[in-house]
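User: I would like a close look at one part of this protein, namely its nonpolar core and the residues around that core. Please explain each term as it comes up.

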Amino acid sequence: MLKEFIHIFTLSCKQATYLIEKRIHVPLSVTERARLAIHLSLCKLCRVYNIKTLFLDRLMKKGAKKEGCSCRFEKDEVERFKLDVKEKIL
């Protein structure tokens, strides 16, 4: 019954997870922040998802700073990757 209440009067879990991901990259509007806060106060699963998302984001940012990725691949590495993917698909 609580689940139906959440979805009728606030965000659905799908919308809430979208806003959780969105706020990592851009600031949310006041309305979005309020609706997300209400949903998170009622939905245990989305609260857990929120915590895990924030943890992973911090971990990835920390790793990117530490390693200083050049993000450039040699041509043979790209071709090898393409072949591996094709083999797994077929």
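Analyst: The account below starts with the whole chain, then turns to the core, its cysteines, and the surroundings.

The model is predicted, so local features are reported only where pLDDT is at least 70 and side-chain atom pairs only at pLDDT 80 or more, whereas totals for chains, interfaces and linings use all residues. Residues are numbered from 1 along each chain as its sequence is written, and side-chain values use heavy atoms, with hydrogens and water left out.

The protein contains five helices and zero strands. Here helices (H or I, at least four residues) and strands (E, at least two) are DSSP runs, numbered from the N terminus. Read from that end, the order of elements is α-α-α-α-α. Of the 90 residues in the protein, 19% are buried. A residue is called buried under 20% relative accessible area, exposed over 50%, and partly exposed in between, using a 1.4 Å probe and protein chains only. The protein exposes about 7900 Å², and carbon and sulfur atoms supply 64% of this area. Such areas come from the Shrake-Rupley method with a 1.4 Å probe, and for residues only the protein chains shown count as cover. Among contacts in the protein with a separation of 6 or more, 60% join residues 24 or more positions apart; a contact means heavy atoms within 4.5 Å.

The core itself comes next. A nonpolar core is a set of buried Ala, Val, Leu, Ile, Met, Phe, Trp, Tyr and Cys residues joined through side-chain atoms within 4.5 Å. The largest one has nine residues, namely Leu11, Ala16, Leu19, Ile20, Leu28, Leu36, Leu40, Cys43 and Cys46. Two elements, helix 2 (13-25) and helix 3 (30-42), give two or more residues to this core. Helix 2 gives the most, with three residues.

Leu19 shows how such a core residue is surrounded. Leaving aside residues up to four places away in sequence, Leu19 touches Leu11, Leu28, Glu32 and Leu36. Of these, Leu11, Leu28 and Leu36 also belong to the core.

Cysteines deserve separate attention. A disulfide is a covalent bond between the sulfur atoms of two cysteines. The rule applied here requires a pair of cysteine sulfur atoms within 2.5 Å, and by this rule the count is zero. The core residue Cys46 is buried, with a relative accessible area of 3%. The cysteine sulfur closest to that of Cys46 is in Cys43, but at 3.6 Å it is too far for a bond. For Cys13, the closest cysteine sulfur is in Cys46, at 3.8 Å, which is also too far for a bond. Cys13 is partly exposed, with a relative accessible area of 26%.

Another core residue, Ile20, leads to helix 4. Thr53 lies in that helix and is buried, with a relative accessible area of 9%. Leaving aside residues up to four places away in sequence, Thr53 touches Ile20, Glu21 and Ile24.

Charged pairs complete the surroundings. Side chains of opposite charge can pair when their charged atoms come close. A salt bridge is a side-chain nitrogen of Lys or Arg within 4 Å of a carboxyl oxygen of Asp or Glu, and by this rule there are four salt bridges. Glu32, a contact of Leu19, forms one of them with Lys22, the closest N and O atoms being 2.9 Å apart. This pair links distant parts of the chain, with Glu32 in helix 3 and Lys22 in helix 2, ten residues apart. Lys22 is partly exposed, at 23% relative accessibility.

In helix 4, Asp57 forms a salt bridge with Lys61, and their closest N and O atoms are 3.2 Å apart. Because they are four residues apart in this helix, Asp57 and Lys61 are separated by about one helical turn. Asp57 is buried, with a relative accessible area of 18%, whereas Lys61 is partly exposed at 45% relative accessibility.

Helix 4 (residues 44-67) also holds Leu59, which is partly exposed at 48% relative accessibility. Together with Phe55 and Leu56, Leu59 forms a nonpolar patch on the surface, with about 310 Å² of accessible area in total. Patches are made of residues with over 30% relative accessible area and no salt bridge; like charges are joined within 9 Å, and nonpolar side chains (Val, Leu, Ile, Met, Phe, Trp, Tyr) within 5 Å.
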